[in-house]
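Work through the following exercises with the sequence and the model open side by side. Each task is followed by a solution that goes step by step.

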Amino acid sequence: MDDLGPPVRCLGVGIAWNEDQSITLSQSTYIKKLLAKFLNEECKSVPTPMLVKTSFSKEDVSNSHIDYPHCELVASLLHLLWTRPDASFSVKELSRWMSTPGQKMVIAGKRVLRYLSGAVHLGLVELKVRHPHPADSPK
């Protein structure tokens, strides 16, 4: 059995060991794949995942078929939430309308992606984690 050193990637999550004995978990590669799959064009990033007064109702539900993979987008965003809790409220609201999305929900889903496009580098930071290989830990 070989010692491969501290993990840098596990199940698609990047693991960065920081000098202050913390680790950063990020899914930047996954976010880039989502942007390529669901946005199809260069987009301007936005500072928040959802506008303040955004709300959805039954009147926003579309009776006609919307040619956008909204359900697949929301499921992909749900997978992202454990390293990006900043988008959790927006994704929760979108997930309430997965079976019958309207145009307003599709626009809100694209806004979450635009928010993530400007914050690809962010992740979840765990403070004061014991390094698995003390000899390799940053001094």
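The exercises below concern cysteines, the nonpolar core and one helix residue.

The model is predicted, so local features need pLDDT of at least 70 and side-chain atom pairs count only at pLDDT 80 or more, while totals for chains, interfaces and linings use all residues. Residues are numbered from 1 along each chain as its sequence is written, and side-chain values use heavy atoms, with hydrogens and water left out.

**Exercise 1.** Determine how many disulfides the whole structure holds.

Solution. Search for pairs of cysteine sulfur atoms within 2.5 Å, which is the definition of a disulfide; the search of the whole structure returns 0.

**Exercise 2.** Describe the largest nonpolar core and the helices that contribute to it.

Solution. Take buried (under 20% relative accessible area, 1.4 Å probe, protein chains only) Ala, Val, Leu, Ile, Met, Phe, Trp, Tyr and Cys residues, and join them through side-chain atoms within 4.5 Å. The largest such core has 27 residues, and Phe56 and Leu94 are among those with the most contacts inside it. Two or more residues come from each of H1 (28-38), H2 (70-80), H3 (88-95) and H4 (103-117), helices being DSSP runs of H or I with at least four residues, numbered from the N terminus. H4 gives the most, with 7 residues.

**Exercise 3.** Is Glu93 buried or exposed, and which residues does Glu93 touch?

Solution. Glu93 lies in helix H3 and is buried, because its relative accessible area is 11%. Leaving out residues up to four places away in sequence, Glu93 touches Met50 and Phe56, where contact means heavy atoms within 4.5 Å.

Key
Buried means under 20% relative accessible area, exposed over 50%, partly exposed in between (1.4 Å probe, protein chains only).
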